[in-house]
Amino acid sequence: MRELLSHQDPWVVLPQIEELKAIAKREGLWNLFLPGGPGPGVDGLREGDPELGAGLSNVEYAPLAERMGRSLITAEACNCNAPDTGNMEVLWHFGSDEQKQRWLKPLLAGEIRSAFCMTEPEVASSDATNMQATAVLDGEEVIVNGRKWWSTGVGHPNCEAIVFMGLTDPEADRYHQHSMVLVPMDAPGVKVERMLEAMGFLDAPGGHGEVSFTDVHLPKEAIVGGAGQAFAIAQARLGPGRIHHCMRLIGLAELALELACTRATERVAFGKPIANLGGNRERIADARIAIDQARLHVLHAAWLVDQKAPEAIGAVSQIKVATPNMAQKVVDMAIQLHGGGGLSNDFPLAGAWTAARALRLADGPDEVHRGVVARLELARYGKGKWSG
Ligand SMILES: Cc1cc2nc3c(=O)[nH]c(=O)nc-3n(C[C@H](O)[C@H](O)[C@H](O)COP(=O)(O)OP(=O)(O)OC[C@H]3O[C@@H](n4cnc5c(N)ncnc54)[C@H](O)[C@@H]3O)c2cc1C
């Protein structure tokens, strides 16, 4: 990990990552995020192939994802990293046979990477129906135009596919105006304008880019799941992704607490270990309580998703608010107990804090998820009256 952070060119894949990927595949630690049960399948892959994962439920995947959350590189080493996991699920559930062969197979094999381009600099993108970039049908073609940003993964040297959300039919009802289009990274008209820093972190080699699309002509078969289906696909895509992020954040918070306790028991100030100064024992206890609460909360949401229970929608929004906020607080406490060192890159805490903070925005800001939770809660007190 240190090598990754100190590498001169951050936009290259370290050979160690490929070595770890080979080990993960061999050991059956590959594509663990792929849910079990019969899926629509991909031609050329058979049950038992490592590319199809171990067929775990979300509850079974949770402790593994938690372990992955302790490191910057493990999710990629196990082919379980965002945004590829969400894109693979989109292709798995909504892709045509041709799209699966061209894009899903190499993604499942970890040979290529992908990005998801929904958010736009010019419009409030927490409302997915706002997107202005276009995906216009013209005879046998779909033509893509617009500008996206915070497109995670576009900096990766192996990023070959973009799932792009664009406006197709402004006359249709609000939830059927947009389409998802599979855009090859090397299609003429696609340009990464710049890579963004998230509070000073590039998150290389995947990074987060601002990408322009100028008259990108593609065959209409590049549309995923049919024109006008983007909103439904985005909802389906973000559900599992949100749970996975929360599972990994539990691991990140555990790591932070572990570092905090190690530091606080080993370092001495005013004649006492830091753990025994002021209210530090209480802070450590509160962190333990908060992590354990969040873990159970996430497991409950994962179980509801596994059961395909209607309550899963509210539960996922609940954990999407609770977990990043919990992780941010725990990491912040760990930074404080580390003193100045906590803000340096000698410890992974500054990066961890930024990751937790970012997840209060990515996949929908806290407020939008609180809105979902409140709407479901209030719906019990008068049908239709509180749906806004
Ligand atoms: C590290 C990172 C990675 C990301 N990766 C991706 C990616 O791969 N692909 C992608 O498409 N996007 C990605 N995003 C973008 C992210 O999903 C958006 O930033 C998010 O959805 C919010 O959209 P916005 O930035 O346009 O904020 P806006 O929609 O402008 O919202 C701004 C603020 O308004 C407030 N607000 C909005 N709605 C409500 C409401 N209903 N009630 C109360 N207050 C509200 C909130 O405080 C919100 O933060 C990423 C973002 C980050 C930070």
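Author: Two strands pair if DSSP finds at least two bridges between them. Helices (H or I, at least four residues) and strands (E, at least two) are DSSP runs, numbered from the N terminus. The model you see is predicted, so local features need pLDDT of at least 70 and side-chain atom pairs pLDDT 80 or more, while totals for chains, interfaces and linings use all residues. Residues are numbered from 1 along each chain as its sequence is written, and side-chain values use heavy atoms, leaving out hydrogens and water.

Reader: Thanks! In strand 7, which residue is the bridge partner of Ser151?

Author: That partner is Gly209. The pairing belongs to strand 3 and strand 7 (residues 208-219), which run antiparallel and are joined by nine bridges.

Reader: And how many bridges pair strand 2 with strand 3?

Author: Five bridges pair strand 2 (residues 134-138) with strand 3 (residues 141-152), again in the antiparallel sense. To find your way, look at Thr134, which faces Asn145 of strand 3. The hairpin of these two strands has two residues between them, and Gly139 there takes a positive phi near 60°.

Reader: Which residue has a positive phi although it is not a glycine?

Author: Look at Trp150, where phi is about 55°. You will find Trp150 in strand 3.

Reader: Now the peptide bonds: where is Pro83, which is joined to Ala82 by a cis bond?

Author: Pro83 sits in the loop between helix 4 (74-77) and helix 5 (84-94). For the cis bond from Ala82 to Pro83, omega is about 0°. Another cis peptide bond runs from Ala204 to Pro205, with omega near 5°. Pro205 belongs to the loop between strand 6 (190-196) and strand 7.

Reader: How many salt bridges are found in the whole structure?

Author: The search finds 19, where a salt bridge is a side-chain nitrogen of Lys or Arg within 4 Å of a carboxyl oxygen of Asp or Glu. One of them links Glu18 to Lys21, with 3.2 Å between the closest N and O atoms. Glu18 and Lys21 are about one helical turn apart because three residues separate their positions in helix 2 (residues 15-26).

Reader: At what angle do helix 7 and helix 8 pack?

Author: The angle between helix 7 (residues 230-266) and helix 8 is about 165°, and their axes are 10 Å apart. Axes are lines fitted to C-alpha atoms, for helices over the stretch in contact, and angles run from 0 to 180 degrees between N-to-C directions. Helix 7 is therefore roughly antiparallel to helix 8 (angles over 145 degrees count as this, under 35 as roughly parallel, 65 to 115 as roughly perpendicular and the rest as oblique). Among the residues making the contact (heavy atoms within 4.5 Å) are Ile243, Met247 and Leu257 of helix 7 and Ile284, Ile291 and Val298 of helix 8.

Reader: What is the angle between helix 8 and helix 9?

Author: Helix 8 (residues 280-306) meets helix 9 (residues 312-338) at about 155°, and 9 Å lies between the axes. Helix 8 and helix 9 are therefore roughly antiparallel as well. Their contact includes Ile284, Ile291 and Val298 of helix 8, and Val316, Ile319 and Met326 of helix 9. Since Ile284, Ile291 and Val298 are also in the contact with helix 7, try selecting those residues in the viewer.
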